[in-house]
Amino acid sequence: MFDCLPQNKRHRGGFSISRKEPRHDDDSEHIGAKLNELSLEERSKLEFELHGVADVEEEDPALLAARVEEMDQELSDRVFFSGDDTSAYEAALVMSKEYVDDFKILFLRAEAYNGREAAARMIRFFDRKRHLFGEETLTRDIRLSDFEDEEMEALRQGVFMMLPQRDRSGRSIVAVNGRVNIMYSTHQVMRVVFYVLMMAAQDEEGAQKRGIVAIYHGFGQPHTIQGRAFEFWKIWRALPSRIVACHYCGDDSKALGPAVRQFCAIAERLTVCRIRCHYGPQIECMYKLMTFGIPVTDAMPITVDGRIDLTLHHQMIREWQAREEGQLNCVTLEPLRVVSPVNDEGDDVQVVSPLPGTYVVAGNLDILMGRGRHPKSSPGSIHLHDMLRQHRAEYDRATKSEKTALAGVVLDKLKRIGCRFIKLSPGGYQVCEDSLARGKISHGFRNLRLKDAADRDVGGNGKPVKRSFDV
């Protein structure tokens, strides 16, 4: 008679005995247990960071110099040996002390200017770099040419990618495509992760000072790879950039739960508290991410079949390849005379030769001068708009001379992340003078103010008046 009842219900003596189906542990419980160990002040600060509303303190040059000295002392006091071999840090120091010194400020920023922790992170960085790419790469940047064919394919498939847009607080965003992540070996994936995070770390304002937000897109992923979370944790705590939030998104906890719980078991308390899990329909998870200040619809567009649109990702890879191959270096064209050859019918044909000067190949991060010329979705345009939004309030309060200086500050920040202002001339693309670029930025600030004012205007029908402004 009991066979007609579900397996989790059986009647005994007139009472219903309910046995819950085995369920996967709620990953939030593991994170919540760590959160309960934090003080109220620590939890408040953490929540501000997770939601992208924390303030970023300006760097004090004197304090930074003192922290560099503290880090140097900590490095000199340590004994670096990995088994019987010289540590990777020592090997790098012998190969190129200048290269090693250039990285120190990045590690200090990643560890909130704690010299002792920054020294430990730097040691782990060179150990991980040697493990993944070999000793010959210790004192040079990792290049796409270092990848095998299958690893390049993994990168193109979006195993790990840097998104072109920042979150609302200006932080860089990286994402894992879980559906294809499991198609490659752990070693291949970690090499791609290392490379992409190092490219993200070049963004001084976004990644170095404000941190990186990581998104794990696990929809349609049937399972996780055992031990992969441990390898990712090694990179997390080694690279010269700080991951301030990590969002696991998926259909349910069956596939991602084991990886989350493994990560929680090995990572430090504060690192675990930076993880948030969002399970359920994809659209609901995307809306949850938006509550944390992540512009999902723009930064990580989803196709109709639930996959990540890789168009912008592929554009970024082409940009990286062009940089490596030197295609973005300026090429000086020799002056050519204008000639008038004769065609088959005996008529003169005027041939316009390229004008003498320096021309460049337009890149994905470049910002094209002129109204309506540049695509609004290009990474360069997105960076420009982000910068304008970040400094909008400061620009509105500034005097005329301060506004000019602020435009110069924005220009310097854009240059540091690889953006250039270019114009189309008869001979090709040319890099604009700084004065023109600053004028473009100032024009963008003014148009942003006009656009916001127009959005607040109300027409006779009670609806906001829609106007179009180019920034």
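**Close-up 1. Arginine 191, a buried charge in helix H10.** In this predicted model, arginine 191 sits in helix H10. Its relative accessible area is 9%, so arginine 191 counts as buried. The side chain pairs up with that of glutamate 151 through a polar contact of 2.8 Å, and the two also qualify as a salt bridge, at 2.8 Å from N to O. Glutamate 151 belongs to helix H8 (residues 149-156) and arginine 191 to helix H10, so the bridge ties together distant parts of the chain, 40 residues apart. Both partners are buried. If you skip residues up to four places away in sequence, arginine 191 touches Leu132, Phe133, Asp146, Phe147 and Glu151.

**Close-up 2. Phenylalanine 160 and the largest nonpolar core.** This core takes in 95 residues. Phe160 is among those with the most contacts inside it, along with Met122, Phe126 and Phe194. Helix H10 (residues 186-200) is the top contributor to this core, with eleven residues. Zoom in on phenylalanine 160 and, leaving out neighbours within four places in sequence, you find it in contact with Leu155, Val174, Ala175, Val176, Val192, Val193, Val196, Leu197, Phe232 and His313. Another core lies apart from this one; it has 20 residues, including Met369, Met387, Leu411 and Leu448. As a general backdrop, nonpolar side chains in soluble globular proteins tend to be buried together.

**Close-up 3. Helix H3 and its buried face.** Helix H3 runs over residues 61-77, 17 residues in total. From first C-alpha to last it reaches 24 Å, close to the 24 Å expected at 1.5 Å a residue. Leu64, Met71, Glu74 and Leu75 are the buried residues of H3. Looking down the axis of H3, these fall within an arc of 95°, so they line one face of the helix. That pattern is easy to read if you recall that an α-helix has 3.6 residues a turn, so residues three or four places apart point the same way. On the face turned away from the buried side, H3 carries the exposed residues Ala62, Glu69, Ser76 and Asp77. The cover over the buried residues of H3 includes helix H4 (88-95), helix H6 (104-110) and helix H7 (115-133). At the N-terminal end of H3, aspartate 60 acts as a cap, with a side-chain oxygen 3.1 Å from the backbone nitrogen of alanine 62.

**Close-up 4. Glutamate 49 and arginine 242, a long-range salt bridge.** The closest N and O atoms of this pair are 3.3 Å apart. Glutamate 49 comes from helix H2 (residues 40-50), while arginine 242 comes from the loop between helix H12 (228-236) and strand S8 (243-250). The two are 193 residues apart, so the bridge connects distant parts of the chain. Glutamate 49 has a relative accessible area of 12%, so it counts as buried. Arginine 242, at 21% relative accessibility, is partly exposed.

**Close-up 5. More charge pairs.** The salt-bridge count comes to 21. One of the pairs joins arginine 171 and aspartate 167, at 2.7 Å from N to O, and both of these residues are buried. Elsewhere, Asp72, Lys97, Asp101 and Lys104 are linked up in a network of salt bridges. In general terms, side chains of opposite charge can pair when their charged atoms come close.

**Close-up 6. Phenylalanine 263 in helix H13.** Phenylalanine 263 lies in helix H13 (residues 253-266). With a relative accessible area of 1%, phenylalanine 263 is buried. Its C-alpha atom is separated by 7.2 Å from that of tryptophan 233, although the two are 30 residues apart along the chain. Not counting residues up to four places away in sequence, phenylalanine 263 touches Ala229, Phe232, Trp233, Trp236, Thr271, Val272 and Ile275.

**Close-up 7. Helix H17 and its buried residues.** Helix H17 covers residues 311-324, which is 14 residues. At 1.5 Å a residue these should span 20 Å, and the end C-alpha atoms are indeed 20 Å apart. The buried residues here are Leu312, His313, Met316, Ile317, Glu319, Trp320 and Ala322. His313 also turns up in the second close-up, as a contact of phenylalanine 160.

**Zooming back out: the whole chain.** The protein chain has 21 helices and 14 strands. Of its 471 residues, 47% count as buried. Among contacts between residues at least 6 apart in sequence, 73% join residues at least 24 apart.

Terms used. Residues are numbered from 1 along each chain as its sequence is written. This is a predicted model: local features need pLDDT of at least 70, side-chain atom pairs count only at pLDDT 80 or more; totals for chains, interfaces and linings use all residues. Side-chain values use heavy atoms; hydrogens and water are left out. Helices (H or I, at least four residues) and strands (E, at least two) are DSSP runs, numbered from the N terminus. The expected span of a helix is 1.5 Å times one less than its number of residues. Buried means under 20% relative accessible area, exposed over 50%, partly exposed in between (1.4 Å probe, protein chains only). The arc is that of the directions from the helix axis to the C-beta atoms. Contact means heavy atoms within 4.5 Å. A polar contact is a pair of N or O atoms within 3.5 Å; within protein, one must be able to donate a hydrogen and the other to accept it, and residues adjacent in sequence count only if both atoms are side-chain atoms. A nonpolar core is a set of buried Ala, Val, Leu, Ile, Met, Phe, Trp, Tyr and Cys residues joined through side-chain atoms within 4.5 Å. A salt bridge is a side-chain nitrogen of Lys or Arg within 4 Å of a carboxyl oxygen of Asp or Glu.
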